[in-house]
Amino acid sequence: MERVFGTLELHELGPKAGFRRPMQPPVAQVTAASPARDVMTDLERVAPATIRPQAPLAGANQFMITRGVRLLLVVDDEENVVGLITATDILGERPMLAATQRGLRREELTVADVMTDASRVEVLAHAEVQGARVGHIVATLRRAGRQHALVVDEDTLPPARPLSPPLRRTMVRGIFSLTQIARQLGVTVVAGGETALTFSEIEAAIK
């Protein structure tokens, strides 16, 4: 039997209407002894900002500003992570060097020309991060001289052939950002992003 749906009454929007925004939970202030997961962007909860390698480099910077992030995962058409690119990459010397090496104008560069290839990206294991503290993450970033760190776990895929062992695929599970850690530690982050941060400022906040 076919159901009959009645109509709803339509109303005028009227002037000066507002709109709802997602209710973001407050960012908890942390200390050096807080669990590292408290300052990790968990990709099972927050969708990452991604970009294709063939995208114009200038558009990548604008996309970061729009999304309010300083790092983009570079993914191919099959959603494989092929690299990453940061605001520091775009605003630093890399574009000039890439343009000189390739004989291109800066506006002709793509994300692929400046990104860090996946084969050169060092990552943290999610299993180790689960038992770590914020202080461990800051110390790790300082030793590596990095503003970001990716956290990975694994997916188990069906075997290619019967009786073959299951396949494993590395998955980016989370992202640590020095800027995010600073905010949660209560360190003032000036407009312009991570380049204004120093490890001494972060360490002073967690002591």
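**Stop 1: β6 and β7**

Select β6 and strand β7, residues 148–157. The two strands run parallel, joined by three bridges. This is a predicted model, so read every pairing on this tour as a prediction. Now pick Ala-125 and look across to β7: Val-152 stands opposite.

**Stop 2: the sheet around them**

Widen the selection to β1, β8, β7 and β6. In that order, these four strands make an open sheet with mixed pairing. Colour the edges next. They are β1 (40–42) and β6 (123–125), and each pairs on one side only. Look along the sheet to see the twist, which averages 40° from one strand to the next.

Stay on β7 and add β8. This pair is antiparallel, with 10 bridges. Select Ala-149; the bridge partner in β8 is Phe-176.

Keep Phe-176 selected and move to β1. Which residue of β1 has Phe-176 as its bridge partner in β8? Met-40 does. Strand β1 and strand β8 (residues 167–177) run antiparallel, and three bridges join them.

**Stop 3: before β1**

Step back along the chain to Gln-29, in the segment before β1. Is Gln-29 buried or exposed? Gln-29 counts as exposed because its relative accessibility is 63%, and the cut-off for exposed is over 50%.

Show what surrounds this residue. Leaving aside residues up to four places away in sequence, Gln-29 touches Gln-184, Leu-185 and Gly-186. Draw a distance between the C-alpha atoms of Gln-29 and Gly-186. The viewer should give 6.7 Å, for two residues 157 apart along the chain.

**Stop 4: helix α6**

Select residues 134–144, helix α6. Show the side chains of Val-134, Ile-137, Val-138 and Leu-141; these four are buried. Look down the helix axis. The four residues lie on the same side of α6, because they cover an arc of only 100° around the axis.

Go one step past the end of the helix. Just after α6 comes Gly-145, with a positive phi of about 65°.

**Stop 5: the other sheet**

Hide the strands of the earlier sheet. Select β2, β3, β4 and β5. Here, too, is an open sheet of four strands, in the order β2-β3-β4-β5, with mixed pairing. Its edge strands are β2 (50–51) and β5, each pairing on one side only.

Work across from β2. How many bridges pair β2 with β3? There are two, and the sense is parallel. Pick Ile-51 and find its bridge partner in β3, Val-74.

Move on to β3 (residues 71–75) and β4 (residues 81–86). They pair in the antiparallel sense, over five bridges. Leu-72 is bridged to Ile-85 in β4. Follow the chain from one strand to the other: β3 and β4 form a hairpin, with five residues between them. Stop at Glu-79 in the turn, where phi is positive at about 65°.

Finish at the β5 edge. Strand β5 covers residues 116–117 and runs antiparallel to β4, with two bridges joining them. Leu-84 stands opposite Thr-116 in β5.

**Stop 6: a helix across the strands**

Keep that sheet on screen and add helix α1, residues 57–67. Helix α1 lies across β2, β3 and β4. Against β3, the helix runs at about 130°.

**Stop 7: the whole chain**

Show everything. The protein has eight helices and eight strands. Colour by burial: buried residues make up 32% of the 207 residues. Switch to a surface view. About 14300 Å² is exposed, and carbon and sulfur atoms supply 54% of it.

Then consider the contacts. Among those with a separation of 6 or more, 58% come from residues 24 or more positions apart.

**Stop 8: confidence**

Last, colour by pLDDT. The average for the protein is 86, and 86% of the residues score at least 70. Where does pLDDT stay under 50? Select residues 190–196 to see that stretch. For these residues the model has 11 contacts beyond four places in sequence. Where pLDDT is low, the predicted coordinates should not be read in detail.

Note on methods: Residues numbered from 1 in each chain as written. Predicted model: local features only at pLDDT ≥ 70, side-chain atom pairs only at ≥ 80, totals over all residues. Heavy atoms only, no water. Buried < 20%, exposed > 50% of the residue type's maximum accessible area, 1.4 Å probe, protein only. Arc of directions from axis to C-beta. Pairing = 2+ DSSP bridges. Axes fitted to C-alpha atoms, helices over the stretch in contact; angles between N-to-C directions. pLDDT = per-residue confidence, 0-100. Contact = heavy atoms within 4.5 Å. Areas by Shrake-Rupley, 256 points an atom, 1.4 Å probe, with all protein chains shown as cover.
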